[in-house]
Amino acid sequence: MARRKKGGSGESGGSWIDTYADMVTLILCFFVLLYSMSNMEESKFQFIAQAFSSLGKVFNTVVADQVDVKDPTGNLVEDAMLNSAESELPTTFDELYEALAQYITDNDLSQSVELEKGAAGITLKFRDNVFFEPDKADLLDSGKKILNDLSPAFQSVDSLILGIKISGHTAKVPESPTDEWNLSSDRANNVLRYMKDLEFCSVDKLSSSGYGGYRPVDTNTTEEGRRSNRRVEITIARNDVDYSDPTVLQEFMDMEYGKNKVNVMPTDALGNIIYMDDEGNIIEPEETTAAETENPDETTDSEETTENPDETTETADGQ
């Protein structure tokens, strides 16, 4: 019986074909991958590279345009100050005021938002149509957007903020079925909660009050006046001023209790009261009064000249 020659069978002879085919497939995949990468948009590639190098911080406009910022309700915020690479966040209270004023101008909000600056802080007055629908306390998207946009600026000066108070106000309308106390309080509380979720500042600095229609800024006899009275005020008190200063203290009292409710009477170096008018101007004493005070003897002499009371009576009857 003849022996079979050593060597592979006919079936084993095709194994190199399988290896070659696998190699060709891998090379094809490699070139397909290279082709797909060659069509990648430069902005996307830069976004990916920047995301790794910046550790989540925004450094340029390309990345800033790609960052998705969401508010506490999960809605996408497109125009927030956080996404504006060109805008610099304020570091002082004066810069905060300038940033707020610029934001109001850029967004055409001058008819709906009033901005006031004083020695003790800043006050923002929002008409009710910015935050709420008539007789409702649910915060509108327009109001949420404004708060979303402003929150980074407030966060940057948190250390300079003594407190933020949100005040709700309504207009007194005769025979209105709406409970103005509850409505004003609910509106202020809803704004406060949203600011809290945005981390406007430290939570212990936030407070709210509802004043109903009892602190009007305009008449309630006209619709325009009632629109001005329906408002939400956000008052930001600063902690980098001297609250022993009568001007600062008076303004702080006006913020807290309403204007002309508490009168802080300043005194001079000798302890004498300095009287001031409603505009803060010092009222000087009348010169005639001062002259009479300096020479009391003259007043006594003039009183002693009336020696004959009968003559005086006759003169008076004649007049």
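Helices, in the sense used on this tour, are DSSP runs of H or I with at least four residues, and they are numbered from the N terminus. With that convention in place, select Gln250, which is found in helix H9, and keep in mind throughout that the model on the screen is a predicted one.

Stay on this residue for a moment. Is Gln250 buried or exposed? Because its relative accessibility is 19%, and buried means under 20%, Gln250 counts as buried. If you set aside the neighbours within four places in sequence and display what remains in contact with Gln250, you will find Val262, Asn263 and Val264.

Next, select Pro246, which also lies in helix H9. Pro246 has a relative accessibility of 34% and therefore counts as partly exposed. Val264, already met as a contact of Gln250, can now be added to the selection: the C-alpha atoms of Pro246 and Val264 are 6.7 Å apart in space, while the two residues are 18 apart in sequence.

Now widen the selection to the whole of helix H9, residues 246-257, and bring up the sheet on which this helix packs, where H9 touches strands S4, S5 and S7. The direction of H9 makes about 30° with that of S4.

The sheet itself is the next stop. It is an open sheet of 5 strands with mixed pairing, and their order is S3-S4-S7-S5-S6. Which strands stand at the edges? They are S3 (113-117) and S6 (206-210), each of which has a single partner strand, so that one side of each is left without a neighbour in the sheet. On average, and with direction ignored, neighbouring strands of this sheet are turned by 15° against each other. Selecting helix H4 (residues 93-106) shows another helix packed on the sheet, in touch with S3, S4 (121-127), S5 and S7 (231-238), and with a direction that makes about 160° with that of S3.

From here, isolate strand S5, residues 161-169, which runs parallel to S6 and is joined to it by 5 bridges. With S7, in contrast, S5 pairs in the antiparallel sense, over 8 bridges. Ile166 is a convenient residue on which to centre the view, since its bridge partner in S6 is Ser208 and its bridge partner in S7 is Ile234. Ile164 can be inspected in the same manner, and its bridge partner in S6 is Leu206. Of the 9 residues of S5, 8 are buried, so this strand is largely enclosed by the rest of the structure.

For a contrasting view, move to helix H1 (residues 15-38), where Tyr20 lies. Tyr20 helps to make a nonpolar surface patch of about 930 Å², to which Trp16, Ile17, Met23, Val24, Ile27, Phe30, Phe31 and Leu34 also belong.

Finally, zoom out to the complete protein, whose secondary structure comes to 12 helices and 7 strands. Buried residues account for 31% of its 319 residues. The exposed area is about 21,700 Å², of which carbon and sulfur atoms supply 52%. Among contacts between residues at least 6 apart in sequence, 62% join residues at least 24 apart.

Conventions
Residues numbered from 1 in each chain as written. Predicted model: local features only at pLDDT ≥ 70, side-chain atom pairs only at ≥ 80, totals over all residues. Heavy atoms only, no water. Patch = residues over 30% accessible without salt bridge, like charges linked within 9 Å, V, L, I, M, F, W, Y side chains within 5 Å. Areas by Shrake-Rupley, 256 points an atom, 1.4 Å probe, with all protein chains shown as cover. Salt bridge = Lys/Arg side-chain N within 4 Å of Asp/Glu carboxyl O. Helix = DSSP H or I, 4+ residues; strand = E, 2+ residues; numbered from the N terminus. Buried < 20%, exposed > 50% of the residue type's maximum accessible area, 1.4 Å probe, protein only. Contact = heavy atoms within 4.5 Å. Pairing = 2+ DSSP bridges. Axes fitted to C-alpha atoms, helices over the stretch in contact; angles between N-to-C directions.
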